[in-house]
Amino acid sequence: MAPALSDIFRITSPLLILMLLTFCMGATNSEAQVGGLANDEVEALLEVATQLGKRGWNRNMNLCTHTVLPPFPDDNYKVICNCSFPGGVCHVVAIYLNEQDLDGSLPKAIQKLPHLKQLSLWANYLSGNIPPEWADTKLEILFLDVNRLTGKIPSYLGQITTLRYLSISNNMFYGTVPPELGDLVNLESLTLSANNLSGELPLALANLIRLKQLRLSSNNFTGRIPEFIQSWKQLDALEIEAAGFTGPIPSNISLLTSLTELRISNLLGNGSEIPNLDPIANITYLTLSNCNLSGKFPEYLTNKSQLQILDLSFNRLSGPLPPSFEGLPILEKMYLTWNNFTGPFPQGINTRGSLNSIDLSYNNFTSEAKCKESLNLFKSTWRWNYSYS
């Protein structure tokens with residue numbers, strides 16, 4: 001006799017219930033309730049905290065701040081989640097843990113946050129190197145400055161092709177810059193300053209045609225500043241101070257007409273005259289200090305109306321200064337220290353209201369000016385017979 005329908009239901013219902021419970025638990029592991037952070041990302045965040053050395057986080061806390069993702073980190077302590085995904089489920093899109101005294105390592109578990117776009121961990125005590133697991137992320141902004149990171153810059157960093165801003169300054173990275181960084185074709189800002197990097201810059205960096213800011217100061221690079229800098233047509237800021245490079249400054253720097261900040265100092269090797277910077281119309285900060293420059297003061301610099309800081313100190317520039325600096329209405333600081341300038345002291349330069357710091361010391365001017373607090377003229381005239389050569 002065939003079993004009754006009620007008997008079949010009685011026998012199979014426990015199995016059905018078990019299957020339904022298993023399915024529901026599996027779904028719960030991947031997604032939270034409507035409006036909540038996905039549970040697998042809660043676990044990932046706790047794992048991230050453990051690896052960083054971040055204390056105090058637990059499953060009962062609301063770890064997310066629900067806000068619009070800013071273009072740059074604007075807070076020292078914040079986890080931003082986006083809850084506009086289908087079903088109202090939230091995902092972590094940004095983590096800012098700056099100045100938190102974190103003493104762990106860079107967390108491998110970042111890979112488990114598939115929607116993460118921004119990560120900022122500057123000013124901590126993190127050690128080790130960048131984990132290979134990060135190569136699978138979709139990060140757009142990565143700030144790791146002022147930590148204790150060491151080792152070579154890993155080549156797999158070049159696999160994070162979504163990166164737009166990368167900053168690893170003030171760490172202990174050493175070795176050469178890997179050519180794979182040239183694969184970061186969306187990169188707009190690259191900061192490698194204050195490490196122990198060496199060798200020449202790889203030609204592959206010429207591929208970074210979207211680059212707007214490049215900062216390489218305080219390293220041990222060798223060779224000349226490369227000619228391929230002309231590839232960075234959108235460059236707004238170039239900072240190469242005490243980086244180990246050999247002069248002269250490439251003449252094709254004049255092609256970087258979008259520059260507003262140019263800071264180069266402490267070049268080794270043979271000198272040259274100041275390259276033609278006249279095509280760079282909107283220069284704001286100009287430092288060419290201790291670059292073994294010779295020749296005369298470029299008169300076109302007195303017509304750069306946006307110029308605020310001018311530093312040509314510790315070179316071998318000679319001849320008279322232009323008679324007037326009236327074409328620099330917002331110039332605030334001017335340093336011409338330790339050159340061989342001669343001729344009369346420029347009239348009116350020490351009465352400029354916008355100038356709050358002028359240093360013309362250690363030159364060979366043939367006339368003196370009345371000193372004031374913001375003007376340094378120590379050993380600036382010929383009678384001291386004390387010049388830099």
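How many bridges join β7 to strand β9, and in which sense do the two run, parallel or antiparallel? The legends below take this up along with some other close-ups of the predicted model.

**View 1. Strand β7 meets strand β9.** Here's the reply to the opening question: β7 and β9 (residues 172-175) run parallel, and three bridges join them. To find your way in, look for G151, whose bridge partner in β9 is F173.

**View 2. Strand β7 also pairs with strand β5.** Strand β7 covers residues 148-152, while β5 takes in residues 127-128. Their pairing is in the parallel sense and rests on two bridges. A handy landmark is G128, which sits opposite L149 of β7.

**View 3. Strand β3 and its antiparallel partner, β2.** Shift over to residues 91-97, which make up β3. How many of the residues in β3 are buried? The count is seven of seven, so call this strand mostly covered, as buried here means under 20% relative accessible area. Strand β2 (residues 77-82) pairs with β3 in the antiparallel sense, with six bridges between them. Pick out C81 and you'll find V92 of β3 standing opposite. As a reminder for reading any such view, side chains in a regular strand alternate between the two faces of the sheet.

**View 4. Strand β3 and its parallel partner, β4.** Strand β4 spans residues 118-120 and runs parallel to β3, with three bridges joining them. Opposite A94 stands Q118 of β4.

**View 5. A close look at S120 in strand β4.** Is S120 buried or exposed? S120 counts as buried because its relative accessible area is 0%, and the cut-off for that label is under 20%. The S120 side chain has polar contacts to show, too. One of them, at 2.8 Å, goes to the side chain of N98. Another, at 3.4 Å, links the S120 side chain to that of W122.

**View 6. Where the predictor is less sure.** Across the protein the mean pLDDT is 86, and 81% of the residues reach 70 or more. Residues 1-35 are another story: pLDDT stays under 50 there, and the model gives this stretch 20 contacts beyond four places in sequence. Residues 381-389 also have pLDDT below 50, with 28 contacts in the model beyond near neighbours in sequence. Where pLDDT is low, the predicted coordinates should not be read in detail.

Methods. Residues numbered from 1 in each chain as written. Predicted model: local features only at pLDDT ≥ 70, side-chain atom pairs only at ≥ 80, totals over all residues. Heavy atoms only, no water. Buried < 20%, exposed > 50% of the residue type's maximum accessible area, 1.4 Å probe, protein only. Helix = DSSP H or I, 4+ residues; strand = E, 2+ residues; numbered from the N terminus. Pairing = 2+ DSSP bridges. pLDDT = per-residue confidence, 0-100. Contact = heavy atoms within 4.5 Å. Polar contact = N/O pair within 3.5 Å; in protein donor to acceptor, adjacent residues only side chain to side chain.
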